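Q: I'd like to learn how to read a structure like this one, feature by feature. Could you take me through it?

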Amino acid sequence: MNLILLGPPGAGKGTQASRLVKERGMVQLSTGDMLRAAVAAGTPVGLAAKAVMDAGGLVSDEIVNGILSERLDQPDARAGFILDGYPRTDVQADALDAMLSGKGLALDHVIELVVDEDALVDRITGRFTCAKCGEGYHDRYKLPAVAGVCDVCGSSEFKRRADDNADTVRQRMLEYRAKTAPIIPHYEGRGIVSRVDGMANMDDVAAAIDAIVDA
Ligand code: ADP
């Protein structure tokens, strides 16, 4: 089972992808995570990507296609993957088709999380994660049970993404609307697109995704 999760920043793609990883042993392929790792490691890709990411723009198709193609070649991707944050442009969608057919892989579902963009800035600007295990939290919606201590692993270190500020978020939304939403018709003709209400609570979103995947 191979999926694409689509939706604007803050729609809940990462939350749902990591749940699918835990519950179904699938692999989450987040180009955002891959790029942040490259930035943290100071690799040439990271150096090229950092300023664009901080401004809320899109990293070049060439770079992103390259890292995704390499990642797809790792054997764990054969267990079933969830693309989170890729493809984001027409060029990436075409590149993905070519990569998948070249590697003997296919897409089963494209799931669009439909959300109200005004609510997203609020969701994104309050979010933070455990620096050790990656558990997600939110200043208003989901604080750790004990202040300053991760519920899952007990760590007291947390981090926030550099691009999760109101200005950058607005730019990321514009990029989504201009470049990413227009790729949906690319998949529509193949009958693999489903829509899920991303404004519902997390468990309902999860149930809706499960119903699509298990159908
Ligand atoms: P979000 O979906 O919340 O905006 P991501 O973690 O998916 O966050 O991406 C963060 C940033 O990484 C994007 O704003 C963009 O600069 C870069 N990025 C991630 N994936 C891609 C991609 N497929 N193409 C171009 N840039 C990307």
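Q: Let's start with a proline. In which loop is the place of P87?

A: Keep in mind that this is a predicted model. P87 sits in the loop that runs between strand 3 (81–84) and helix 5 (90–103). There is something to look at in its backbone too: the peptide bond joining Y86 and P87 is cis, with omega about -5°.

Q: Let me step back to the whole chain. How many helices and strands are there in the protein chain?

A: The protein chain has nine helices and eight strands. Its radius of gyration is 17 Å, close to the 17 Å that the globule rule gives for 215 residues, so the chain is as compact as a globular protein of that length. If you prefer to think in boxes, the C-alpha atoms fill one of roughly 50 × 40 × 35 Å along the principal axes. As for the interior, 44% of the 215 residues count as buried.

Q: Now the ligand. How many residues surround the ligand, and which are the closest?

A: The general idea is to look for protein atoms within 4 Å of the ligand. Here 19 residues surround the ligand, and the closest are T31, R36, G57, Q92 and R172. Sorted by class, that shell has seven nonpolar, five polar and seven charged residues.

Q: Which helix gives the largest share of the shell around the ligand?

A: That's helix 2 (residues 31–41), which supplies four residues. A38 also lies in helix 2, and A38 is buried, with a relative accessible area of 11%. For a sense of the fold around it, take A38 and K50: they are twelve residues apart along the chain, and their C-alpha atoms are separated by 9.0 Å.

Q: Which N or O atoms of the protein should I look at around the ligand's own polar atoms?

A: Look for pairs of N or O atoms within 3.5 Å. Start with the backbone: an N or O atom of V59 lies 3.0 Å from a nitrogen atom of the ligand. Then move to side chains. K13 has a side-chain N or O atom 3.3 Å from an oxygen atom of the ligand, and for R127 the side-chain distance to a ligand oxygen is 3.4 Å. As for cover, the protein hides 97% of the 550 Å² of accessible area that the ligand has on its own.

Q: On to cysteines. How many disulfides does a search of the whole structure find?

A: The idea first: a disulfide is a covalent bond between the sulfur atoms of two cysteines. To call one here, the two sulfurs must be within 2.5 Å. A search of the whole structure finds zero.

Q: Why does C130 have no such bond?

A: Because the closest cysteine sulfur, in C153, is 3.6 Å from the sulfur of C130, which is too far for a bond. C150 is a similar story to read: its closest cysteine sulfur is in C133, and at 3.7 Å that is too far for a bond.

Q: Is C130 buried or exposed? And what about C150 and C153?

A: Under 20% relative accessible area counts as buried. C130 has 1% relative accessibility, so it counts as buried. C150 is buried too, at 3%. C153, by contrast, has a relative accessible area of 28%, so it is partly exposed. You'll find C153 in the loop between strand 6 (136–138) and strand 7 (158–159).

Q: Which backbone oxygen does the side chain of H109 reach?

A: The side chain of H109 reaches the backbone oxygen of I212, at 3.5 Å. The place of H109 is in strand 4 (residues 109–114), and at 16% relative accessibility H109 counts as buried.

Q: Last one: how do I compare distance along the chain with distance in space?

A: Take two residues, count their separation in sequence, then check the C-alpha distance. E175, in helix 7 (residues 166–180), is 86 residues from T89 in sequence and 9.5 Å from it in space. E175 is also buried, with a relative accessible area of 11%. For R123, which is found in helix 6 (residues 117–125), try S18: these two are 105 residues apart along the chain, with their C-alpha atoms separated by 18 Å. R123 counts as partly exposed, at 22% relative accessibility.

How values were computed:
Residues are numbered from 1 along each chain as its sequence is written. This is a predicted model: local features need pLDDT of at least 70, side-chain atom pairs count only at pLDDT 80 or more; totals for chains, interfaces and linings use all residues. Side-chain values use heavy atoms; hydrogens and water are left out. A polar contact is a pair of N or O atoms within 3.5 Å; within protein, one must be able to donate a hydrogen and the other to accept it, and residues adjacent in sequence count only if both atoms are side-chain atoms. Accessible areas come from the Shrake-Rupley method with a 1.4 Å probe; for residues, only the protein chains shown count as cover. Helices (H or I, at least four residues) and strands (E, at least two) are DSSP runs, numbered from the N terminus. Ala, Val, Leu, Ile, Met, Phe, Trp, Tyr, Cys and Pro count as nonpolar, Asp, Glu, Lys and Arg as charged, and the others, Gly among them, as polar. Buried means under 20% relative accessible area, exposed over 50%, partly exposed in between (1.4 Å probe, protein chains only). The radius of gyration is taken over C-alpha atoms; the globule rule is 2.2 Å times the number of residues to the power 0.38.
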